[in-house]
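Let's take a quick tour of this structure, one topic at a time. Keep the 3D view open and follow along as you read.

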Amino acid sequence: MLTKEQIAQRIAQELQDGYYVNLGIGIPTLVANYVPTGINVILQSENGLLGMGPFPTESEIDADLINAGKQTVTILSGSVFFDSATSFAMIRSGRVDLTVLGAMEVNDKGDIANWKIPGKMVKGMGGAMDLVASAQNIIVAMQHTNRSGASKLLSKLTLPVTGLGCVKKIVTNLCVIDVTSRGFELKELAPGISINDVQNATEGNLIVDGEIPKIKF
Amino acid sequence: MNKVVKNADDAIQGIQDGMTIMLGGFGLCGIPENSISSIVKAGIKELTCISNNAGVDDFGIGLMLQSKLVKKMISSYVGENAEFERQLLSGELEVELLPQGTLAERCRAAGAGIPAFFTPAGFGTEIAEGKESREFEGKQFIMEKAFDSDFAIVKAWKGDTDGNLIYKATARNFNPMMAMAGKITIAEVEELVRPGELDPNFIHTPSIFVDRIFEGTDYEKRIEQRTIRQN
């Protein structure tokens, strides 16, 4: 089973040199800690920053410099600020190479739900709907099941959809899955996890072809 | 032509009960603190507020919610606000949630003389209900309309007395589009200078979009998520 940090670490293996990357709140944010050496990626924060640096030290804190999670951040050499319309122009026009975000549910067609639980508090979609509608390459980072143990990888979403047919890859605490026209294709297993464990935790159509390798770090 | 007003109390003259106002900012970053205080003091109510977020309980638009001045919020994300949640669940407050890029573009369209546009964001979701959808080159889009607002209130870092504005860092966010979108645009700035003191190469909002400007005071610039790295 993978920890949150290991989920982020596995996703970081998907990064390529020169990628512009948008990381969502939660596990996705941790991906920035595992960028492979020799690879340079540029983080886009949709509130208007390209080239996001690490969190500041106490003396570097600037209230006017935050990320999309409202956390204080820093800039790097070559960073640039812009307005929200320009930010989403980058996103909608497909210039962001990789988007990593969390999800409440994903179905085997790649539809994602992550913005609302009817009857409970609605916090809103923020930039998620724009991101999933336009990004070519979306990886979901999440736990395989919810707190009550129910699968989050479904044949049919139960929650309001955020975007259709957009998720390409899912990295959970149990495995790595590619979402293809056939469904959830199991690609890699977490240490100590069997195909059976994944099958039991997956309500949607799981496809297992041949030998499934272990996730490598 | 004099755009300079003395303070926020003077700047918000003409904002009336029931109007629609835009407020710049992302979270608590780059919000028009002085003008919000004056609206709360003046008790202008039944407002429809277009702003990416709704502040926190005791700061930003949260102060307007506390005083029950807001009838409707149009935002993309409204977490981190218990009073907001209470008013929403009790039916005192209406909320319209929009994708963040759509919110930004509806402001931009309003300021650019474009009545509507097509975006892929929200297609196939409940956001698309009641909206026209259309296919372009094999992909589905929904039509979104420009916002119609009576006033836009923005916060800039520096401004000159003609109304040219420069924003600082990520406090820029929605401010430039909203500055363009208001029937009347109010700008509050940290530093008000004479024309010619700002480099024309680095002005973000040209003066033509700004109707009233003043130098604000006592900016608190509260930080929502103070996150530091350990050395």
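In this predicted model, chain A has an open sheet built from three strands, lined up in the order E7-E6-E9, with mixed pairing. After that sheet, we'll turn to where chain A and chain B meet.

**The sheet in chain A**

- Look to the edges for strand E7 (112-113) and strand E9 (153-154) of chain A, since each of these pairs on one side only.
- Strand E6 (residues 105-107) of chain A pairs with E7(A) in the antiparallel sense, over two bridges.
- To spot that pairing on screen, find A:Val106: standing opposite is A:Ile112 in E7(A).

**How much of the two chains meets**

- Chain A puts 48 residues into the contact, and chain B puts in 50 residues.
- People often describe the size of an interface by the accessible area lost when the parts come together.
- Here, chain A and chain B bury about 4,000 Å² between them, and 61% of that is on carbon and sulfur atoms.

**What links the chains**

- You can count seven salt bridges between chain A and chain B.
- One of the salt bridges joins A:Glu58 to B:Arg226, with the closest N and O atoms 3.3 Å apart.
- There are also 26 residue pairs in polar contact between the two chains (both at pLDDT 80 or more).

**The side of chain A that touches chain B**

- Helix H3 (84-92) and helix H4 (128-134) of chain A each supply at least two residues of this side.
- Sorted by class, this side of chain A has 22 nonpolar, 15 polar and 11 charged residues.

Key:
Residues are numbered from 1 along each chain as its sequence is written. Chains are lettered from A and ligands numbered from 1 in the order in which they are written. This is a predicted model: local features need pLDDT of at least 70, side-chain atom pairs count only at pLDDT 80 or more; totals for chains, interfaces and linings use all residues. Side-chain values use heavy atoms; hydrogens and water are left out. Contact means heavy atoms within 4.5 Å. Buried area is the accessible area (1.4 Å probe) that two parts lose on being put together, summed over both. A salt bridge is a side-chain nitrogen of Lys or Arg within 4 Å of a carboxyl oxygen of Asp or Glu. A polar contact is a pair of N or O atoms within 3.5 Å; within protein, one must be able to donate a hydrogen and the other to accept it, and residues adjacent in sequence count only if both atoms are side-chain atoms. Helices (H or I, at least four residues) and strands (E, at least two) are DSSP runs, numbered from the N terminus. Ala, Val, Leu, Ile, Met, Phe, Trp, Tyr, Cys and Pro count as nonpolar, Asp, Glu, Lys and Arg as charged, and the others, Gly among them, as polar. Two strands pair if DSSP finds at least two bridges between them.
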